[in-house]
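Welcome to this guided tour. Get your viewer ready and keep the selection tool at hand. Shall we see what there is to find?

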Amino acid sequence: MKYNLSEKIIIQDYKIPTNKVYRVLKGFFLAVSHINLFFYIIKYYRQYSKFSFTYLYELIFFSQFREVENLHVQFGTNKHPIDFLKMIGFLKGKLIVSFHGHDLYFPINGRIDDKDYYKNLFIAGDYFIANTPYLKKNLLSLGAEEDKIRIIPVGVDDKYFKPKKHKELSDYISLVTVGRLETFKGQKLGVECVKNLILKGCNIRYTIVGNGREYNNLNKLIKTHGLDDKIFLTGAKNQADIKAILLNSDIFLMTSITDPNYGVESQGLVTAEAQSCGLPVVAFDSGGIKYTLEDGETGFLCKEYNLDCYTDKLEMLINNPELRNTMGANARKFISTNFSQNSLNKKWDKIYS
């Protein structure tokens, strides 16, 4: 409402008639009425191996953006047809593409193979945004030019995710993990670590927020260990509920690991949100996660699947409230400096201008 964004949204609708005859007639009419674009229409059709009136409708639709200064595409898989239109010189503005992770792991969505999938985009694009140096390496390995790549993480609203001034005292330490319940999120490892800590006599509770295909497996594992009164699966929660849970927790467990069938976290936004709330983090050194915290300052990193290290670091934080407070304060400062929207806006200003 404040910025009237609803009035500025343009739906990507090419308005292609379903009736074949009408589709052809309207196509000819568009070609004639846009005779000034005839040169680009010919060049555009040369990008394809077969004829379709759809391509004409695409070009006419995007003609409204010819003079736009910056074209920003979210997720590399949304590249088409902007990559082709930029290649032929039809679109004049800079083409900026933000990659987020899964759009660089082939086969993408289990069906898109590499086979120079981003070849035209890497030629046509002006800037490619990676959220971490880890993702930058992936872009380089696929053929993107290094001087076109910029690293800008996904930001955190540190005015929304901020620590409580006065935290309620509890007779136990609250641990929390937030994320989809999938194998690569590694919540099973969190359960195993908590089991080990409870056997050591730690008075803790572990909350796992999220839903997904691993829900039943995790629930079964918790029951097998007899930890129904110590580990809680909350299901999916909205942002306000997640914030409240973080603010009432003491330590954040980032349990994600590399999954050969899925990929790996390229950044891990929730780690930054937890630190913004003043929580120290214990995480596995997986993908781009290490770039979202400072090992030994705002939390701890352990090698993937190293449960002994993970358990030891958690135990250290559980038994040392002063260390938790110090790391929590460091975490808040680290996020405000490196991941707040204000700090990232300066980087975006350089790209856009």
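How do helix 2 and helix 3 lie to each other: roughly parallel or oblique? Before you look, note that this is a predicted model.

**Stop 1: helix 2 and helix 3**

Select residues 38-45 for helix 2 and residues 53-62 for helix 3. Their axes cross at roughly 130° and come within 10 Å. Angles from 115 to 145 degrees fall in the oblique class, so helix 2 and helix 3 are oblique to each other. The crossing here is right-handed.

Now show the side chains. From helix 2, pick Tyr40, Ile41, Tyr44 and Tyr45; in helix 3 they meet Phe53, Tyr55, Leu56, Glu58 and Leu59. Sorted by class, this contact of helix 2 with helix 3 has 8 nonpolar residues, no polar ones and 1 charged residue.

**Stop 2: the sheet**

Next, find the open sheet. Its 4 strands come in the order 1-2-3-4, and their pairing is parallel. Strand 1 (70-74) and strand 4 (149-151) stand at the edges; each has a single partner strand, so one side of each lacks a neighbour in the sheet. From one strand to the next, the twist averages 25°. As a reminder from the textbook, strands of a sheet pair through backbone hydrogen bonds, either parallel or antiparallel.

Select residues 94-98 to light up strand 2, which runs parallel to strand 1 and is joined to strand 1 by 5 bridges. For a spot to zoom in on, try asparagine 70, which stands opposite lysine 94 in strand 2.

**Stop 3: helices against the sheet**

Add helix 13, residues 341-352, which packs on the sheet and touches strand 1, strand 2, strand 3 and strand 4. The direction of helix 13 makes about 145° with that of strand 2. Then add helix 6, residues 133-141, which lies across strand 3 (127-130) and strand 4. Helix 6 runs at about 165° to strand 4.

**Stop 4: arginine 150**

Stay in strand 4 and click on arginine 150. Is arginine 150 buried, partly exposed or exposed? Its relative accessibility is 31%, so arginine 150 counts as partly exposed.

Which residues does arginine 150 contact, leaving aside its neighbours within four places in sequence? They are Tyr127, Phe128, Ile129, Ala130 and Ile351. Try a distance label too: arginine 150 and tyrosine 127 are 23 residues apart in sequence and 6.9 Å apart in space, C-alpha to C-alpha.

**Stop 5: helix 7 and helix 8**

Select residues 187-199 (helix 7) and residues 215-224 (helix 8). Here the axes come within 10 Å and cross at roughly 10°, which makes helix 7 roughly parallel to helix 8. Gln187, Lys188, Val191 and Glu192 in helix 7 meet Leu218, Leu221 and Ile222 in helix 8. In this contact of helix 7 with helix 8 you will find 4 nonpolar, 1 polar and 2 charged residues.

**Stop 6: helix 10 and helix 12**

Finish with helix 10, residues 269-276, and helix 12, residues 321-338. They pack at an angle of about 120°, their axes 7 Å apart, and are therefore oblique to each other. Helix 10 passes helix 12 in a left-handed crossing. Show Ala272, Gln275 and Ser276 in helix 10, which meet Gly328, Ala331, Arg332, Phe334 and Ile335 in helix 12. By class, the contact of helix 10 with helix 12 holds 4 nonpolar, 3 polar and 1 charged residues.

Methods
Residues are numbered from 1 along each chain as its sequence is written. This is a predicted model: local features need pLDDT of at least 70, side-chain atom pairs count only at pLDDT 80 or more; totals for chains, interfaces and linings use all residues. Side-chain values use heavy atoms; hydrogens and water are left out. Axes are lines fitted to C-alpha atoms, for helices over the stretch in contact, and angles run from 0 to 180 degrees between N-to-C directions. Helices (H or I, at least four residues) and strands (E, at least two) are DSSP runs, numbered from the N terminus. Angles under 35 degrees count as roughly parallel, over 145 as roughly antiparallel, 65 to 115 as roughly perpendicular and the rest as oblique. A crossing is left-handed if the near helix is turned anticlockwise from the far one by less than a right angle, and right-handed if clockwise. Contact means heavy atoms within 4.5 Å. Ala, Val, Leu, Ile, Met, Phe, Trp, Tyr, Cys and Pro count as nonpolar, Asp, Glu, Lys and Arg as charged, and the others, Gly among them, as polar. Two strands pair if DSSP finds at least two bridges between them. Buried means under 20% relative accessible area, exposed over 50%, partly exposed in between (1.4 Å probe, protein chains only).
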